[in-house]
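Okay, thanks everyone for squeezing in. Let me put the structure up, and then I'll talk you through it.

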Amino acid sequence: MIVAFSVSPSGGEPDGGVSEAVARAVKVVRDSGLPNSTNAMFTNVEGEWDQVMDVVKRAVEAAGEDSSRVSLVLKADIRPGFSGQLEAKVDRIEAHLRESD
């Protein structure tokens, strides 16, 4: 499965940002050893259900270390029997784009 998630604690930095807290969450994901990627809006992580949900839980806890409340947005692509899709899905789209040129 692939999970795309975004986590944001209440409060945050003086300028309204939450980058420090989000960095703690992303570190948990990267340290997990699971395939992952981060962009401006979401962090994607791929693995088995229990692995991924454990990482998301720990990432939420890390982001909320200094906050009494945390917001989590999560989207999952659950496709049993498939792995390596974090990159393969994008590769298939890129192949179609090359064909259309």
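I'll go from the overall fold to the sheet, then to the pocket and the cavity, and finish on a couple of residues. One thing up front: this is a predicted model.

So, the fold. We have three helices and four strands in the protein chain. Starting from the N terminus, the order of elements is β-α-β-β-α-β-α. The C-alpha trace spans about 50 × 35 × 20 Å along its principal axes. Of the 101 residues, 30% count as buried. And if you take the contacts with a separation of 6 or more, 67% of them come from residues 24 or more positions apart.

Now the sheet. In what order do the four strands sit? It goes E2-E3-E1-E4, an open sheet with antiparallel pairing. The edge strands are E2 and E4, the latter covering 70–77, and each of them pairs on one side only. From one strand to the next the twist averages 20°.

Let me walk across it pair by pair, beginning at E2. Strand E2, residues 36–38, pairs with E3 in the antiparallel sense over three bridges. If you want a marker there, look at serine 37, whose bridge partner in E3 is asparagine 44. The connection from E2 to E3 is a hairpin, made through four residues.

Next over, E1, which is residues 2–9, runs antiparallel to E3, and four bridges join them. Here you can find valine 3 standing opposite valine 45 of E3. Then on the other side, E1 and E4 are antiparallel too, with eight bridges between them. Alanine 4 has lysine 75 in E4 as its bridge partner. Packed on this sheet is helix H2, residues 49–63, which touches E1, E3 and E4, and its direction makes about 15° with that of E1.

Let me stay on E3 for a second. Which of its residues point which way? Thr43 and Val45 go one way, Asn44 and Glu46 go the other, and all are buried. As a reminder, side chains in a regular strand alternate between the two faces of the sheet.

Okay, pockets. The largest one has a volume of about 220 Å³. What lines it? The residues are Ile2, Ala4, Ser37, Asn44, Lys75, Ala76, Asp77, Gln85, Leu86, Lys89 and Val90. You'll recognise two bridge pairs in there: Ser37 with Asn44, and Ala4 with Lys75. In terms of elements, E1, E4 and H3 each supply at least two lining residues, and H3 gives the most, with four. By class, we're looking at five nonpolar, three polar and three charged residues.

There's also a closed space. How many cavities of 30 Å³ or more turn up in the whole structure? A search finds one. The largest cavity has a volume of about 60 Å³. Its lining is Met1, Ile2, Glu46, Asp77, Arg79, Phe82, Ser83, Gln85 and Lys89, which splits into three nonpolar, two polar and four charged.

If you lay the two lists side by side, Gln85 is among the pocket residues and is also one of the cavity residues. So let's zoom in on that one. Glutamine 85 lies in helix H3, residues 85–100. Is it buried or exposed? Glutamine 85 has a relative accessible area of 11%, so it counts as buried, the cut-off being under 20%. Leaving aside residues up to four places away in sequence, glutamine 85 touches Ile2, Glu46, Arg79 and Arg92.

That brings us to the last residue, glutamate 46, which lies in strand E3. Glutamate 46 is buried as well, because its relative accessibility is 5%. Again not counting residues up to four places away, its contacts are Met1, Ile2, Leu34, Pro35, Val52, Ser83, Gly84, Gln85 and Leu86. Several of those, including Met1, Ile2, Ser83 and Gln85, are cavity-lining residues too. For a sense of distance, the C-alpha atoms of glutamate 46 and valine 60 are separated by 17 Å, and those two are 14 residues apart along the chain.

So, to leave you with one picture: glutamate 46 from E3 and glutamine 85 from H3 are in contact with each other, and both help line the largest cavity. That's what I had, thanks.

Methods. Residues numbered from 1 in each chain as written. Predicted model: local features only at pLDDT ≥ 70, side-chain atom pairs only at ≥ 80, totals over all residues. Heavy atoms only, no water. Buried < 20%, exposed > 50% of the residue type's maximum accessible area, 1.4 Å probe, protein only. Contact = heavy atoms within 4.5 Å. Pairing = 2+ DSSP bridges. Axes fitted to C-alpha atoms, helices over the stretch in contact; angles between N-to-C directions. 1 Å grid on protein atoms, 1.4 Å probe; cavity = no way out; pocket = protein on both sides within 12 Å on 5 of 7 lines; lining within 4 Å. Points joined across faces, edges and corners; volume = space filled by probe spheres on them. Nonpolar A, V, L, I, M, F, W, Y, C, P; charged D, E, K, R; others polar.
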